[in-house]
Structures are given as C-alpha cells and as structure tokens.
Amino acid sequence: MRIVHINVTATLSTGRIAADLCRHAMAQGHETLLCYGRGSAPKDIPTLRVGEVTRELDYNKLLRKNFRNPHRRMDVQTALTRRTLWDKLRSRSIDLGVNIHAGLSRITDRSGFYSSRSTRRLIRELEKFKPDLIHLHNLHGYYLHLPTLFRYLRDSGIPVVWTLHDTWAYTGHCAYYHFPVEPFLRKDLDQQEDNYDDYEDEAAAPAPVSCQLWKSGCHHCPLKDTYPISYVMDQSARNYKEKRALFTALPLMVLTTPSQWLRNEVLQSYLGKYRIYALPNGINLNDFSPCSDPRFMQDISMFYGLDRIGQRKLVISVAAVWDDRKGLDDLIMLADELGDEYCVAVVGLDRYQVNNLPGHMLGVVRTSNVRELCVLYTAADLCISMSRGETMGMTLVESLACGTQVLCYDSTAMPEIVTPQVGETVPAGDIKAAADAVRRLCEHPKEPLHCIARAAQYGRNLRYDEYMKLYRLIEEYAITRQVQKHRPAGAAESV
C-alpha cells in the first residue's frame with residue numbers, strides 16, 4: 001500500500017507521531033511519504049515539504065539545461081552549487097509563504113484559506129506518488145489551502161484517515177475550547193444579557209465553562225485571541241460554515257482520536273456523521289524508560305540545576321509549549337501552596353518564561369533530547385499536569401514509562417490514562433486539592449513497576465498496529481466499493 005501522511009510538522013509533537021506511523025508502515029512493507037508544512041524533517045523516511053517539487057538529479061541534463069552556451073559551459077560541481085543555492089532560495093520562499101499566511105490570518109481570521117499555490121504543488125506531487133490512502137493529521141499551521149486540498153480528496157476518491165489531535169477541525173476558530181468563558185456563551189449571544197456584574201456576591205455567580213458554540217454554529221468567538229490567533233477580525237461563523245461544507249463532502253473518510261473523550265466530543269459535531277475510532281497515540285518504550293546510568297543522571301541533574309533543590313521533593317510538569325491552556329499560573333499557585341518542602345520544576349519553557357518564574361520554582365528550557373527528558377522524569381517524585389484541555393496527555397504516559405507516578409486535573413482526556421495504581425486526579429482549578437494530593441503521593445508513592453506496566457499499554461508497536469489494521473480494512477472496503485461501482489447492472493454480488 002502507498003500511504004501519504006500530511007501534518008504541519010515532521011519532527012515535533014504530532015510530527016513525531018506521523019513519522020513513527022510512517023516507520024511502522026515501512027517496516028511492514030508499505031511505501032510512505034510524509035508531507036509537512038514547516039520545520040525540519042527526519043532523514044530515515046521519505047518526506048516532502050508542502051510547496052516543494054521532487055526532482056530526479058541528472059548531471060548531464062542539469063548541464064544541458066542551464067549551460068547551453070559553450071562559452072559559458074561550467075563543470076558539474078558549479079552546476080550543483082547553483083542548484084543548491086536555488087533550492088535554498090525556494091525553501092526561503094516557502095518560509096515566506098508560511099509567514100504571509102500567518103500574518104494574513106492574524107488580521108482576517110482565515111487560517112487555512114491561503115497558501116493555494118503551495119497546495120497545488122502538493123497535489124501535483126501526490127498525483128505522481130499515486131497514494132492508495134491519505135492520512136491527515138494537523139491541517140492548521142498556516143501551510144495549506146483547505147478548499148484546494150479537499151477538492152482534490154473529494155474528486156480523487158482516495159480513502160482518507162484523519163487523526164484529530166485537537167478540536168480545530170470542527171470549530172470556527174480555535175484548536176482548544178477548554179479555556180474558561182462566560183456561561184452565557186452556551187446560548188445566543190445576541191439575545192443573552194446576563195453577566196457576572198449582575199451578581200452582588202461573586203461566589204454566587206455561575207462557574208466559568210468551556211465554549212459550546214461549536215455544537216450549533218460558531219459566531220462571536222470568545223477565544224479569538226487563542227491559536228490560531230486573530231488580532232482584528234472575527235470570521236468564526238464563516239470559517240465554521242466553509243469547514244463544515246469541505247470536511248463533510250468526502251465519500252470515504254474515517255476519523256480517529258487519541259482518546260475516548262475526544263471521540264465523544266466529535267460525535268456531537270458536524271463530523272459525527274463519519275465512523276470514529278478512539279486509537280491512543282503510542283510512545284517508544286525503548287526511548288522512554290527509567291534512567292539506569294548514574295553518571296549520566298548526575299551530569300544532567302547538575303546541568304539543569306536539580307542538584308540545588310537539596311532534600312526537597314521534586315514535582316515536575318512538562319509541555320512542549322506553555323500557553324494559558326497548560327496551566328502555568330496554576331503551577332505557580334501550587335508551588336506557593338506546597339511551601340519550602342517541595343520544588344516545582346517546569347520543563348519546556350522559553351527563556352522569557354524562565355526569567356519570569358518565581359525564585360522558589362525551577363525553570364527548564366525546552367529540550368528535544370529524549371535521554372535528558374528521561375533523566376528529569378526519573379529524578380522526579382511526581383509528574384503533574386494542570387492543563388485544562390488535553391486530547392490525550394502524552395507527558396503523563398512518558399512519565400509513567402520512566403516509573404514516575406502522575407497527578408492531573410479530572411478534565412478532558414487525561415483521566416483515561418491515570419488509574420489508582422499510578423496516580424490521582426483532582427478537580428480542575430482546585431489548587432488546595434492538588435496540593436493535598438501532591439503531599440499524599442510523595443509520602444506514599446505508587447509502585448514504579450505499576451507505572452511502567454501502565455505505560456506499556458501505550459507502547460508504539462501495540463498502538464500503531466491498530467492503525468495498520470484500520471488501513472487494511474479501509475483498503476478492502478475501497479476495493480469492494482470499486483468492484484460494486486463497475487459491476488454490470490443486475491449482476492449477482494459475490495459473498
């Protein structure tokens with residue numbers, strides 16, 4: 001089978017998942033191509049950046065094409081040098097296209113409706129590759145023109161698997177709608193006049209809830225200033241209608257989600273018409289495991305400042321990007337509540353966030369080194385996530401694979417990972433309950449072997465085998481559908 005994956009990145013976050021699926025499929029004899037929007041690409045799998053064009057490099061043709069004049073004839077090395085410079089310019093041109101797309105989106109709120117030229121180039125490359133199946137991942141990220149891509153998918157009739165890593169596919173704007181917003185947003189904003197100011201007693205006011213507009217039709221977006229951010233216009237109503245028309249027009253598409261929670265959410269949206277499977281993401285258990293090298297662990301601990309915490313209990317929280325959704329403010333309040341006996345370390349910050357972190361906390365800059373990350377997980381007494389919106393919670397699985405217990409809010413998908421044998425959950429936003437749970441888990445820690453056993457259920461081979469089964473089912477169904485389509489009228493259907 002020839003399988004194409006399309007994702008915004010090829011190495012970071014969801015890009016690692018797409019790349020791992022490519023490797024897994026290649027190991028089983030399939031041909032794959034990972035098409036990505038920006039960033040770097042792994043060297044061990046076939047990749048194509050959206051907007052680029054693949055070429056066979058023929059030295060003689062290169063010389064004939066570019067240096068026909070015998071008085072200006074140059075050697076192959078010079079020709080290759082010029083070709084390299086041209087490729088660099090093309091790469092910068094693609095970067096410029098992504099930046100223009102992002103800039104226009106910040107004004108017009110039309111993320112996903114630019115980059116038509118790059119998308120047409122992608123389609124030409126797909127037509128050369130002739131895929132049997134196309135696996136979509138994150139289509140947001142300022143690199144695709146949705147109408148062009150979905151017109152091709154509809155007209156080609158190629159089976160599609162779409163893994164929803166977030167909620168962007170069925171909203172008019174946001175990738176996560178789990179930020180607290182006013183409760184009146186559940187109803188029509190034009191007809192509802194209630195506000196928190198109407199309540200004399202602040203405690204009597206309804207608690208903030210996540211936005212529910214996506215269930216009936218987005219408009220007057222309360223999360224316009226979240227990714228993909230728009231500073232000026234609000235076109236969530238238009239985006240919602242156009243995305244619904246595009247995404248529900250494919251004849252053969254199957255959706256997957258990394259959690260049962262997200263599957264239940266999608267079923268309430270306009271994508272609920274499709275068959276949806278909850279297939280959790282997998283991790284490489286060879287990479288994520290307890291660090292058993294004392295010397296390396298000591299070196300990395302000293303490098304990141306873990307040696308300075310003394311006898312305090314170490315509580316870590318990890319994220320690739322720390323935005324409002326991830327709960328950094330809650331972690332700061334938790335550190336204040338825990339006091340001097342505990343050190344809360346936040347992993348994955350940028351330099352600005354590290355410099356503005358309170359002095360009693362430990363800030364660790366973003367690292368892509370898995371071995372170093374395993375040292376941090378192994379050294380910790382507890383890994384905590386105070387995120388209010390996760391479609392799975394991979395950092396919790398990574399921590400468990402390193403033998404470290406976990407704690408999280410009881411919101412969205414994270415409670416699906418945490419069992420009583422490996423950790424606890426607490427009500428979202430309840431800092432005191434979180435502090436009590438931290439003390440309880442550090443005083444009576446969970447058995448590391450139970451944590452590792454729980455993480456083994458998310459092993460990469462185990463989880464991605466489920467995708468291979470899904471691919472085969474879709475292929476068999478597509479073949480059957482094609483046979484039925486071309487069967488003469490009145491012919492008997494074989495059993």
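Where is proline 228 found? Proline 228 sits in the loop between strand 5 and helix 6. Keep in mind throughout that this is a predicted model.

## Two backbone oddities

Let's stay with proline 228 for a moment. A cis peptide bond joins this residue to tyrosine 227, with omega at about -5°. The other spot worth a look is serine 115, which has a positive phi of about 60° although it is not a glycine. Serine 115 belongs to the loop between helix 3 (76–108) and helix 4 (116–129).

As background for both cases, most residues other than glycine have a negative phi, and most peptide bonds are trans.

## The seven-stranded sheet

One open sheet has 7 strands in the order 3-2-1-4-5-6-7, with parallel pairing. Its edges are strand 3 (47–49) and strand 7 (275–278), each of which pairs on one side only. From one strand to the next, the twist averages 20°.

Inside this sheet, strand 5 (residues 160–163) and strand 6 (residues 253–257) run parallel and are joined by 4 bridges. If you want a residue pair to look for, threonine 163 has threonine 256 in strand 6 as its bridge partner.

## Helix 5 and its neighbours

Helix 5 lies across strand 1 (2–7), strand 4 (133–136) and strand 5, and runs at about 145° to strand 4. Helix 5 (residues 146–156) also packs with helix 6 (residues 236–247), at an angle of about 20° and with the axes 10 Å apart. That angle makes helix 5 roughly parallel to helix 6.

The crossing of these two helices is left-handed. On the helix 5 side, the contact involves Leu146, Pro147 and Phe150, which meet Lys243, Leu246 and Phe247 in helix 6. Sorted by class, that contact of helix 5 with helix 6 has 5 nonpolar, no polar and 1 charged residues.

## The six-stranded sheet

The other sheet to follow is an open one of 6 strands, ordered 10-9-8-11-12-13, again with parallel pairing. Strand 10 (362–365) and strand 13 are at the edges with a single partner strand each, so one side of each is left without a neighbour in the sheet. Neighbouring strands here are turned by 25° against each other on average, direction ignored. Helix 9 (residues 328–338) packs on this sheet, touching strand 8 (313–318), strand 9 (342–349), strand 11 and strand 12, and its direction makes about 165° with that of strand 9.

Now for the run of strands 11, 12 and 13. Strand 11 (residues 382–385) pairs with strand 12 (residues 406–409) in the parallel sense over 3 bridges, and 4 bridges join strand 12 to strand 13 (residues 423–426), also parallel. Valine 406 is a handy landmark: this strand 12 residue is the bridge partner of cysteine 383, and valine 406 also stands opposite glycine 423 in strand 13. Strand 11, helix 12 (residues 394–401) and strand 12 together make a right-handed β-α-β unit.

## Helix 11 meets helix 8

Helix 11 lies across strand 8, strand 9, strand 10 and strand 11, running at about 135° to strand 8. Helix 11 (residues 370–379) also has a helix partner: its axis and that of helix 8 (residues 294–303) come within 10 Å and cross at roughly 90°. Helix 8 and helix 11 are therefore roughly perpendicular to each other.

Which residues of helix 8 and helix 11 meet? Helix 8 brings Phe296, Met297, Ile300 and Ser301, and helix 11 brings Arg371, Glu372, Val375, Thr378 and Ala379. The residues of this contact divide into 5 nonpolar, 2 polar and 2 charged.

## Helix 9 meets helix 13

Helix 9, seen above on the six-stranded sheet, packs with helix 13 (residues 431–443) at an angle of about 60°, the axes being 9 Å apart. That makes helix 9 oblique to helix 13, and their crossing is right-handed.

From helix 9, Asp330, Met333, Leu334, Glu337 and Leu338 meet Ile431, Lys432, Ala434, Ala435, Val438 and Arg439 in helix 13. By class, the contact of helix 9 with helix 13 has 7 nonpolar, no polar and 4 charged residues.

Definitions and conventions:
Residues numbered from 1 in each chain as written. Predicted model: local features only at pLDDT ≥ 70, side-chain atom pairs only at ≥ 80, totals over all residues. Heavy atoms only, no water. Axes fitted to C-alpha atoms, helices over the stretch in contact; angles between N-to-C directions. Parallel < 35°, antiparallel > 145°, perpendicular 65-115°, else oblique. Left-handed = near helix turned anticlockwise from the far one by under 90°. Contact = heavy atoms within 4.5 Å. Nonpolar A, V, L, I, M, F, W, Y, C, P; charged D, E, K, R; others polar. Pairing = 2+ DSSP bridges. Right-handed = clockwise from strand over helix to strand, strands pointing away.
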